[in-house]
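Please look at the sequence and the structure below before reading on. The report that follows describes how some of the strands, helices and cysteines are arranged.

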Amino acid sequence: MKISFLDRATLCPSTVLRAPAFAHELAVHERTAPADVASRIADADIVIVNKVRLDRATIEAATCLKMVAVAATGTDNVDVVACRERGIVVSNIRNYAVNTVPEHTFALIFALRRSICAYRDAVKAGRWIEASQFCFFDYPIRDLAGSTLGVIGDGVLGQATAAMGRALGMRVLFSGFKGVTGQGTLYTPFEETLAQSDVLTLHCPLTPATRNMIGAPEFALMRKKPLLINTARGGLVDESAIGAALDAGQISGAAFDVVSVEPPPMDHPLMQLASRPNFILTPHVAWASEEAIQTLADQLVDNIEAFVRGEPRNIVG
């Protein structure tokens, strides 16, 4: 079995990638430019990929390809339909980030709710010395207990984030799908979730239905001026509308770990907000605790070994 890993650099250097328990040749590439993809998978039986794009033409040209092992949960970089037509198995990683993403989400929530970054920067600038007393009150500080957490996405990560919110004394609302009614008592209609939440956190996939599901019209519905947290996927929020929503006080703060273009150019709307005291941008690292990445790597090899045994798992599409 010939295996080609196209973007090993997307995993932490300290992560251990164990050798699969069968005879194989493994070619590891730290990064792969689009122009090099075809040649690097031309004779591969199995391709490991995280973010490198595998389009239809590339897949059809890889005549030996039998499996695409995605080193992530999202598979939008792989033409799954083209793989299915060729009988190529696509597998992904599941439930590895059940601790790291909710923890990062709440790290962002705490930082904004208590103005941690703003106070840190003020102290560095000498404001505490200027205050001439033991503290100062330049930025708002709010408790989470008693507030309402709106969760958009009720999968493993949404549920884990909700559990943390309840442990902190928050009231939790799971949002229904935008534009859909009658989903039952477990869900609060989308528009009501926007109106009632003090904190909104996104944990849903990026699909045609969810792309830009929050934009200027939705910001106008947010009566309680919530914090908006996105650790899910870039593109769920109209990024060009966030600055205006902050300026208008429609939201009290925002924190994003994901952007529609990664890395974002300096003129990207979110990069233009990065110096604001009520905005935080982290570089798509909510998933990236050492424990989570090692779990991902172990599951990745498990998926490959299961396929070779004739027991494919975590099949996509």
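Ala255 stands opposite Ile280, a residue of strand 11. Strand 10 (residues 253–256) and strand 11 run parallel and are joined by 3 bridges; here two strands are said to pair if DSSP finds at least two bridges between them. Strands, like helices, are DSSP runs numbered from the N terminus, where a strand (E) needs at least two residues and a helix (H or I) at least four.

This is a predicted model, in which local features need pLDDT of at least 70 and side-chain atom pairs count only at pLDDT 80 or more, while totals for chains, interfaces and linings use all residues. Residues are numbered from 1 along each chain as its sequence is written, and side-chain values use heavy atoms, with hydrogens and water left out.

**The two sheets**

An open sheet of 6 strands, with parallel pairing, has the order 7-6-8-9-10-11. Its edge strands, each of which pairs on one side only, are strand 7 (171–174) and strand 11 (279–281). An open sheet of 5 strands, also with parallel pairing, has the order 2-1-3-4-5. In that sheet the edge strands are strand 2 (25–28) and strand 5 (89–91), each pairing on one side only. Strand 1 (residues 2–5) runs parallel to strand 2 and is joined to strand 2 by 4 bridges, and Phe5 has Val28 of strand 2 as its bridge partner.

**Helix 4**

Helix 4 (residues 100–113) has 14 residues and reaches 20 Å from its first C-alpha to its last, close to the 20 Å expected at 1.5 Å a residue, where the expected span is 1.5 Å times one less than the number of residues. Because 11 of its 14 residues are buried, helix 4 is largely enclosed by the rest of the structure; buried means under 20% relative accessible area, exposed over 50%, and partly exposed in between (1.4 Å probe, protein chains only). Among the buried residues of helix 4 are Pro102, His104 and Phe106. Ser115, which follows helix 4, has a positive phi, near 55°.

**The cysteines**

A search of the whole structure finds 0 disulfides, a disulfide being a pair of cysteine sulfur atoms within 2.5 Å.

| Cysteine | Closest cysteine sulfur | Relative accessibility |
|---|---|---|
| Cys117 | Cys135, 19 Å | 23%, partly exposed |
| Cys135 | Cys117, 19 Å | 17%, buried |

The sulfur of Cys117 is 19 Å from that of Cys135, its closest cysteine sulfur, which is too far for a bond.
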